[in-house]
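Thanks for coming, everyone. Have the sequence and the structure open, and follow along as I go.

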Amino acid sequence: MKSLIIGTLFFFSTIPILYAQQFPEMDTRNYVSDSTRFLPKNPWRAAIETFGINMGVWAVNRYIVNEDFAHINGQTIKNNFKTGFVWDTDKFSTNLFAHPYHGSLYFNAARSNGMDFWQSVPFTVGGSLMWELFMENEPPSINDLIATTGGGMAFGEITYRLSDLFLDDRSSGKERIGREILAGLLSPIRALNRLITGDAWRYRPSKGRAFSYVPVNFVINVGPRFLAEQEKSKNGDTGIAVLFRVNYGNPYSEPAYSPYEWFQVRAQIDFFSGQPLVSEFNTIGALWGKQIWKKDPRVLSFGVFQHFDYYDSEHIPGSEIKSAPYRISQAVAAGPGLLYHKSSTPADKVDIYGELYANGIGLGGSLTDYYRVGERDYNLGSGYSVKVFTGITYNKRWTFLLNLENYHIFTWKGYAPDVDFSQVDPNTFNVQGDKGNSRLTIFSPKLAYYSQKKWNIALSYRYFNRDTFYKYHDEVQSSTYDLMLTVGIKL
């Protein structure tokens, strides 16, 4: 499936990128609605909007961008059903980032028409199936269907809930316009529905939000980033990193929580360097959870969590690593997690927290050193991941964080070692990539100071260790690290 980025962005604009590193308990901004507004269920309008999203994006790709894949007719549709689903050869960012965002549009078509979290999933599946089978002249892609659906659930619910924070039907004038625009940037389809129903300008004596009370932390940090090969530190890539982070809800304050009543997001954008613009995007969202033990000031919660993780890099100038040093994603992943928190007291000014997650990866991608077909320089597959986040804070000011992430992705459907890539057709070469498995381990200590005036300063180090085993090629290992010194503010 060719890139939908141009068509999607042209038709709907973009979403802000949000970042959330694990960080300690701090004074939160509480978004409170004086009443909760329940939208009536309108599945038919949701279905029509899902259909309209695909038609709108296709029209941009066909008549404005003039993409080859958008030239469709009855015969191309027939061929798609005859060929069936394949593993496509699109870029890493297209398959594992753009498609999940595209899926969020389908999801929000249902969500903003009164469907709950689980009821919105079939619309996401349906929208993706329609696109894959009818809207392109290339074979339908199984990895696009999975990533659009699973990633669309995560992106969709997060953007829907964040857009709700800005709505206030009591406001008017420039404030009202600004609020509607901000909510629309986060959730374009919700903004469309508010225009259709007239809610975008209708005055009410209450805020009209879907969620009544939400504690939220939003922090932005900016500073230099130095990325280098572990063994050749002098040959590095220096740029400016912008980090966004959000914690939504509090998993320790309620005895139980439903889908995405608590989530965290983190993202990193790199400027003035040779690295990708979006080099990191990670989310963790609760699907279900409950407190299993509480003895003030200590709380232990257990839950099932959905994870989306995306790490991308490019070749470091002067490095002996000729390819990108690391690249991995788990677009569709979920599993159990344990969350522990010990709050500070007047007699003990220390906060301690710890989080442990174990996930099954339904679809992921990992850097490859050999497979080069179409725009693919990575393998697709499935596997597992483990995350351990710990932190200690003194007097709600000084914080030390220690995080460990391990991703292990297996590529099952490979190819014969004597294949000549120059002779294969990208549309029919139906494989996941190089048969084998790839592991990326990320170890990251961080020291931060949070002031009473909402600003902070942080020094962080991250170590990336990539180890890839191939069935028909030699094992490849690489180690990379980055250093960041950032200053930030809590908004």
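**Helices, loops and one cis peptide**

Start with the end of a helix. After α2 comes N66, and its phi is positive, near 60°. I'll return to that residue shortly.

Keep in mind that this is a predicted model. Confidence first. The mean pLDDT of the protein is 91. Of the residues, 93% score at least 70. The weak part is residues 1–26, where pLDDT stays under 50. Even there, the model has 117 contacts beyond four places in sequence for that stretch. Where pLDDT is low, the predicted coordinates should not be read in detail. So I leave those contacts alone.

Now α2 itself. The helix runs over residues 43–64, which makes 22 residues. From first C-alpha to last, α2 reaches 31 Å. The expected value is 32 Å, at 1.5 Å a residue, so the two are close. Which residues of α2 are buried? The list is A46, E49, T50, I53, N54, G56, V57, W58, V60 and N61. Note that E49 and both asparagines, N54 and N61, are on that buried list.

Back to N66. This residue sits in the loop between α2 and α3. N66 is not a glycine, yet its phi is positive. Most residues other than glycine have a negative phi, and most peptide bonds are trans. Is N66 buried or exposed? Neither label fits: its relative accessible area is 45%, so N66 counts as partly exposed.

There is another residue to put beside N66. K396 is also a non-glycine residue with positive phi, near 55°. K396 is in the loop between β10, residues 378–394, and β11, residues 398–411. Its relative accessibility is 31%, so K396 is partly exposed.

One peptide bond deserves a look as well. Going from D296 to P297, the bond is cis, with omega near 5°. P297 belongs to the loop between β6, residues 278–295, and β7, residues 298–311.

Next, helix packing. Two packed helices are described by the angle between their axes and the distance between the axes. I have three pairs.

Pair one is α4, residues 92–111, with α8, residues 188–197. They pack at about 30°, and their axes are 8 Å apart. Therefore α4 is roughly parallel to α8; the cut-off for that label is under 35 degrees. The crossing of α4 past α8 is right-handed. On the α4 side, the residues in contact are Y101, L105, N108 and A109. They meet P188, I189 and N193 of α8.

Pair two is α7, residues 173–186, with α8 again. Here the axes come within 5 Å. The crossing angle is roughly 135°. That is why α7 and α8 count as oblique to each other. From α7, the residues involved are R176, E180, G184, L185 and L186. Their partners in α8 are P188, A191 and R194. Note P188: this residue of α8 meets α4, and P188 meets α7 as well.

Pair three is α4 with α6. The angle is about 60°, and the axes are 5 Å apart. Therefore α4 is oblique to α6. This crossing is right-handed too.

Stay on α8 for a moment. What does R190, in this helix, touch beyond four places in sequence? The contacts are S112, Y160, S163, D164, L167 and A210. R190 is an arginine, and it is buried, because its relative accessible area is 7%.

Now a buried loop residue. M135 is in the loop between α5, residues 117–134, and α6, residues 142–164. Its relative accessible area is 5%, so M135 counts as buried. Beyond four places in sequence, M135 touches N54, M55, W58, F69, A70, I72 and M130. Two of those names, N54 and W58, came up earlier as buried residues of α2. Take A70 from the contacts: A70 and M135 are 65 residues apart along the chain, yet their C-alpha atoms are separated by 6.7 Å.

Last, K78. Where does K78 sit? In helix α3, residues 74–83. K78 is exposed, because its relative accessibility is 57%. K78 and N359 are 281 residues apart along the chain, with 38 Å between their C-alpha atoms.

That's my tour. Over to you.

Methods
Residues numbered from 1 in each chain as written. Predicted model: local features only at pLDDT ≥ 70, side-chain atom pairs only at ≥ 80, totals over all residues. Heavy atoms only, no water. Helix = DSSP H or I, 4+ residues; strand = E, 2+ residues; numbered from the N terminus. Buried < 20%, exposed > 50% of the residue type's maximum accessible area, 1.4 Å probe, protein only. pLDDT = per-residue confidence, 0-100. Contact = heavy atoms within 4.5 Å. Axes fitted to C-alpha atoms, helices over the stretch in contact; angles between N-to-C directions. Parallel < 35°, antiparallel > 145°, perpendicular 65-115°, else oblique. Left-handed = near helix turned anticlockwise from the far one by under 90°.
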